[in-house]
Amino acid sequence: MGKSGKTVSPKLYFAVGLSGAIHHIMGMDTSKVVVAINKDPRAPIFQYADYGIVGDLFEVVPILTEELKKEVSKG
Ligand SMILES: Cc1cc2nc3c(=O)[nH]c(=O)nc-3n(C[C@H](O)[C@H](O)[C@H](O)COP(=O)(O)OP(=O)(O)OC[C@H]3O[C@@H](n4cnc5c(N)ncnc54)[C@H](O)[C@@H]3O)c2cc1C
């Protein structure tokens, strides 16, 4: 996805373990809401994100998944 490939415009885009290279950004910068998860607080992706979580994705994603499941189950 990006300069060399597909372009996407989802309502919600999770950028997990992505640096935010411009080639990639070109393919998703029309996303409505961007949530970035990256262990590097200086990762460029945070400049394009509406929400950012600095942390190890292997720790963050399981917790986020459980919380999202709880919200979804509330209906
Ligand atoms: C001519 C050209 C065209 C290109 N076209 C495209 C294109 O169309 N689309 C595209 O995507 N790329 C394209 N690229 C490549 C692009 O420039 C980047 O190299 C690529 O997008 C980087 O991918 P990445 O962010 O997944 O990997 P990396 O640059 O390696 O970044 C990995 C990120 O993950 C974070 N990370 C690593 N481990 C963890 C962890 N455990 N928890 C949390 N964070 C973690 C790191 O902090 C880092 O920020 C192109 C390159 C060139 C030269």
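**Questions on a predicted chain**

Me: In helix α2, how far apart are Glu-66 and Lys-69 when the separation is given in helical turns?
Reply: The model is a predicted one, and in it both residues lie in helix α2. Because Glu-66 and Lys-69 are three residues apart in that helix, the distance between them comes to about one helical turn.

Me: What kind of pairing do the side chains of Glu-66 and Lys-69 make?
Reply: Side chains of opposite charge can pair when their charged atoms come close. For Glu-66, the relative accessibility of 41% counts as partly exposed, while Lys-69 is exposed, with a relative accessible area of 51%. The N to O distance between the two side chains is 3.6 Å, and what they make is a salt bridge.

Me: How many salt bridges does the count come to?
Reply: The pairing requires a side-chain nitrogen of Lys or Arg within 4 Å of a carboxyl oxygen of Asp or Glu. Glu-66 and Lys-69 are one such pair, and the side chains of Asp-40 and Arg-42 also meet in this way, at 3.8 Å from N to O. By this rule, the count of salt bridges comes to four.

Me: With which residue does Lys-74 form a salt bridge?
Reply: Lys-74 counts as exposed, at 61% relative accessibility, and its partner is partly exposed, with a relative accessible area of 45%. The closest N and O atoms of the pair are 2.8 Å apart, and the residue that Lys-74 meets in this salt bridge is Glu-71.

Me: Is Arg-42 buried or exposed?
Reply: Its salt-bridge partner, Asp-40, counts as partly exposed at 28% relative accessibility. For a residue to be called exposed, the relative accessible area must be over 50%. Arg-42 has a relative accessibility of 68%, and therefore it counts as exposed.

Me: In what order do the elements of the chain run from the N terminus on?
Reply: The secondary structure of the chain comes to two helices and three strands. Among these strands are β2, which covers residues 33-38, and β3, which covers residues 51-54. From the N terminus on, the order of the elements is β-α-β-β-α.

Me: Which element gives the most to the nonpolar patch on the surface?
Reply: The patch is formed by Leu-12, Phe-14, Val-16, Val-61 and Leu-68, which together have about 370 Å² of accessible area. At least two of its residues come from each of β1 (12-16) and α2 (57-73). One of the patch residues, Val-16, is found in strand β1 and is partly exposed, with a relative accessible area of 32%. With three residues, the element that gives the most is β1.

Me: Is Asn-38 buried or exposed?
Reply: Asn-38 is found in strand β2, and, leaving aside its neighbours within four places in sequence, it is in contact with residues including Leu-18, Ala-43, Phe-46 and Ile-53. A residue is called buried when its relative accessible area is under 20%. The value for Asn-38 is 11%, so this residue is buried.

Me: How far apart in space are Leu-57 and Asn-38, C-alpha to C-alpha?
Reply: Leu-57 has its place in helix α2 and is partly exposed, with a relative accessible area of 26%. Beyond its neighbours within four places in sequence, Leu-57 is in contact with Val-16, Gly-17, Ile-37 and Pro-62. Although Leu-57 and Asn-38 are 19 residues apart in sequence, their C-alpha to C-alpha distance is 6.7 Å.

Me: What distance separates the C-alpha atoms of Tyr-51 and Ile-37?
Reply: Tyr-51 is found in strand β3 and is exposed, with a relative accessible area of 53%. Leaving aside its neighbours within four places in sequence, Tyr-51 is in contact with Val-33, Val-34, Val-35 and Ala-36. Tyr-51 and Ile-37 are 14 residues apart along the chain, and their C-alpha atoms are separated by 8.7 Å.

Me: How far apart do the centres of the positive and negative side chains lie?
Reply: The accessible surface of the chain comes to about 5200 Å², and 59% of it belongs to carbon and sulfur atoms. The chain has 9 positive and 8 negative side chains, and the distance between the centres of the two sets is 7 Å.

Methods: Residues are numbered from 1 along each chain as its sequence is written. This is a predicted model: local features need pLDDT of at least 70, side-chain atom pairs count only at pLDDT 80 or more; totals for chains, interfaces and linings use all residues. Side-chain values use heavy atoms; hydrogens and water are left out. Helices (H or I, at least four residues) and strands (E, at least two) are DSSP runs, numbered from the N terminus. Accessible areas come from the Shrake-Rupley method with a 1.4 Å probe; for residues, only the protein chains shown count as cover. Lys and Arg count as positive and Asp and Glu as negative; His and the chain ends are not counted. The place of a charge is taken as NZ of Lys, CZ of Arg, CG of Asp or CD of Glu. Patches are made of residues with over 30% relative accessible area and no salt bridge: like charges are joined within 9 Å, nonpolar side chains (Val, Leu, Ile, Met, Phe, Trp, Tyr) within 5 Å. Buried means under 20% relative accessible area, exposed over 50%, partly exposed in between (1.4 Å probe, protein chains only). Contact means heavy atoms within 4.5 Å.
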